[in-house]
Amino acid sequence: MSSRPLVLLLSGPNLNLLGTRQPEIYGTETLDDHVTTARVAADAAGLDLEHLQSNHEGVLVDEIQGARGRCAAVVINPGAFTHYSWAIHDALAALDCPVVELHLSDPKQREEWRHLSVVEPVAAATVAGLGGDGYRVAVETAAGLIAG
Ligand code: DQA
């Protein structure tokens, strides 16, 4: 059993399609590739990492609630929920650990409806527009926040 601090990586709707979903925007790497990148970064920082992808808002809310008192940080790419899920906002606000918001693309440079992030106000940091490398940067950012 490991006693290393735990980072929870959450992936929202349609991210299971990465690799074939609009590769001109999201690249050709799969979600598994990104999770591997995140795991390598976590391991190098002395952290454990758990990952969950769901297309369902309530599943993500349940998972965030389950992170309370258990996880040292949450890294979340909420997909389109970024722009309207106040349920995810509220669940993240109830956490007692830092949250890092993560996007492959930079939503603020895209369609206007993507410019609002309801996650941003409850995130300690946002990593966007770095493609797959963002997974490494987000975990390293989480490690810095955990270290204080
Ligand atoms: C995304 C950006 C969102 O606007 C979009 O709905 C996604 C992916 C990103 O990683 O760039 O599904 O979160």
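Tutor: Before we start, a quick definition: a crossing is left-handed if the near helix is turned anticlockwise from the far one by less than a right angle, and right-handed if clockwise. Keep in mind, too, that this is a predicted model.

Student: Okay, so which hand does the crossing of α2 and α5 have?

Tutor: Start with the two helices: α2 covers residues 31–44 and α5 covers residues 133–147. They pack at an angle of about 35 degrees, with their axes 8 Å apart. Now view the pair with one helix in front and apply the clockwise or anticlockwise test. The crossing of α2 and α5 comes out right-handed.

Student: And what kinds of residues make up the contact of α2 with α5?

Tutor: From α2 you've got L31, H34, T37, A38, A41 and A42, and these meet Y135, R136 and V139 in α5. Tyr counts as nonpolar along with Ala, Val and Leu, while Arg counts as charged. The residues of this contact divide into 6 nonpolar, 2 polar and 1 charged.

Student: Let's move to β1. How many of its residues are buried?

Tutor: Buried means under 20% relative accessible area. On one side of β1, L6, L8 and L10 are buried, and on the other side V7, L9 and S11 are buried, so both faces are covered by that cut-off. The count for β1 is 6 of 6.

Student: Which residue in β2 is the bridge partner of L6?

Tutor: Look at the strand pairing to find it. β1 and β2 (residues 48–53) run parallel and are joined by 6 bridges. L6 in β1 has as its partner D48.

Student: What stands opposite S11 in β3?

Tutor: This takes us to another pairing of β1: 5 bridges join it to β3 (residues 73–77), and these two strands run parallel. Across from S11 sits N77.

Student: Now the loop between β1 and α1. What is phi of N14?

Tutor: Most residues other than glycine have a negative phi. N14, in the loop between β1 (6–11) and α1 (23–26), has a positive value instead. Its phi is near 75 degrees.

Student: Is Q22 buried, partly exposed or exposed?

Tutor: Q22 lies in that loop between β1 and α1, and its phi is also positive, near 35 degrees. Its relative accessibility is 35%. Buried needs under 20% and exposed over 50%, so at 35% Q22 counts as partly exposed.

Student: Then why does N14 count as partly exposed?

Tutor: Use those cut-offs again, under 20% for buried and over 50% for exposed. N14 falls in between, because its relative accessibility is 36%.

Technical notes
Residues are numbered from 1 along each chain as its sequence is written. This is a predicted model: local features need pLDDT of at least 70, side-chain atom pairs count only at pLDDT 80 or more; totals for chains, interfaces and linings use all residues. Side-chain values use heavy atoms; hydrogens and water are left out. Helices (H or I, at least four residues) and strands (E, at least two) are DSSP runs, numbered from the N terminus. Buried means under 20% relative accessible area, exposed over 50%, partly exposed in between (1.4 Å probe, protein chains only). Two strands pair if DSSP finds at least two bridges between them. Axes are lines fitted to C-alpha atoms, for helices over the stretch in contact, and angles run from 0 to 180 degrees between N-to-C directions. Contact means heavy atoms within 4.5 Å.
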